[in-house]
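Reader: I should like to examine how the terms applied to this structure are justified. Please set each value against its criterion.

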Amino acid sequence: MRRQCDRNGLGSMTAVLSALFAFLVMHQTQAKNASPVSWISPTAFSPKPLKVASYKGIDENKARTINSVNGSGNQECGMSPEEFAKSYPPLAAWIRNTLTASAPVAQIVASQGFSRLPLYFTEKTLASTKVVLVDPLPIPPLTSMGLARFKDFVRGNADGITYIDTIFLKPTQSNNENLHFHELVHVIQWRLLGPDRFLLSYANGLECFGYRQSPLEAMAYDAEAAFASSRAIFDVEKMVAAKLGL
Ligand SMILES: [Zn+2]
């Protein structure tokens, strides 16, 4: 979901949260008359165990512990589906409002003029994925959503973050094709898993493995490294589906 820039160190929690609340007020005002986005309904979440079958090819040890990540029992870390179900509606509402409010300034990735992305992603994906340049990036008020355990994530610094089909980037990253590639991997993950499974898997991956080693991030970083270091073309959408066991 997020591309982290460790070089910049940790930002100020207070500043981030202040900016968030200002951002939220703005979005709530702008989104008042907007129509809801049907594919992330706050009521769509099912309390049934969410199965993220496997993360093939990432790490054997992680694959063995993935049952603890998907919330299907015997877990030593991560949220249960029941616990997640309480946080999902406000988080889904926040994402819905954020995307609605940013839609007027969003551009599609296909319009950005990158030469290599069309070799790795379908035309449809590049035409349907949006990019919003903004600083600070929109980060959910996790603490107020009962997700205080992820406050370190809020505190960190990031160059980009993706919600559903929209990539938010700091303006300094507008020409960074590698970062666009990384965030596009997350777009495919969101699409294949659906918002509820993506968010539960992402949250539990963060808690169980840490940001950089969390399965969904490791997948994005590994693919980005392959993209950056080689001209070998591969189908990212098929790769993500295979690694998710879908
Ligand atoms: Zn990422």
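Reader: How many salt bridges does a search of the whole structure find?

Author: The model is a predicted one. The search of the whole structure finds four salt bridges.

Reader: Why is the pair Arg149 and Glu83 called a salt bridge?

Author: The closest N and O atoms of Arg149 and Glu83 are 2.3 Å apart. The criterion asks for a side-chain nitrogen of Lys or Arg within 4 Å of a carboxyl oxygen of Asp or Glu, so the pair qualifies. Arg149 lies in the loop between strand 3 (130-133) and helix 6 (151-155), whereas Glu83 lies in helix 3 (residues 81-102), so the salt bridge ties together parts 66 residues apart in sequence.

Reader: What makes Arg149 and Glu83 partly exposed?

Author: Partly exposed covers the range between under 20%, which is buried, and over 50%, which is exposed. Arg149 has a relative accessible area of 37%, and Glu83 has one of 32%; therefore both are partly exposed.

Reader: Which residues are linked with Arg149 in a network of salt bridges?

Author: The network links Glu83, Arg149 and Glu207. The side chains of Glu207 and Arg149 meet at 2.6 Å, N to O, and this pair counts as a salt bridge because the cut-off is 4 Å. Glu207 lies in helix 8 (residues 195-209) and Arg149 in the loop between strand 3 and helix 6, so parts 58 residues apart in sequence are tied together. Glu207, at 33% relative accessibility, is partly exposed.

Reader: In the salt bridge of Lys130 with Asp165, is Asp165 buried or exposed?

Author: Asp165 has a relative accessible area of 18%; buried means under 20%, so Asp165 is buried. Its partner Lys130, at 28%, counts as partly exposed. The closest N and O atoms of this pair are 3.1 Å apart. Lys130 is in strand 3 and Asp165 in the loop between strand 4 (158-163) and strand 5 (166-169), 35 residues apart.

Reader: Why is helix 8 called roughly perpendicular to helix 9?

Author: The axes of helix 8 and helix 9 (residues 215-229) come within 7 Å and cross at roughly 90°. Angles of 65 to 115 degrees count as roughly perpendicular, so the term applies to helix 8 and helix 9. The contact is made by Phe198, Ser201, Tyr202, Gly205 and Phe209 of helix 8 with Pro215, Leu216 and Glu217 of helix 9.

Reader: How do the residues of this contact divide?

Author: They divide into five nonpolar, two polar and one charged. Glu217 is charged because Glu belongs to that class, and Gly205 is polar because Gly is placed among the polar residues.

Definitions and conventions
Residues are numbered from 1 along each chain as its sequence is written. This is a predicted model: local features need pLDDT of at least 70, side-chain atom pairs count only at pLDDT 80 or more; totals for chains, interfaces and linings use all residues. Side-chain values use heavy atoms; hydrogens and water are left out. Helices (H or I, at least four residues) and strands (E, at least two) are DSSP runs, numbered from the N terminus. Buried means under 20% relative accessible area, exposed over 50%, partly exposed in between (1.4 Å probe, protein chains only). Axes are lines fitted to C-alpha atoms, for helices over the stretch in contact, and angles run from 0 to 180 degrees between N-to-C directions. Angles under 35 degrees count as roughly parallel, over 145 as roughly antiparallel, 65 to 115 as roughly perpendicular and the rest as oblique. Contact means heavy atoms within 4.5 Å.
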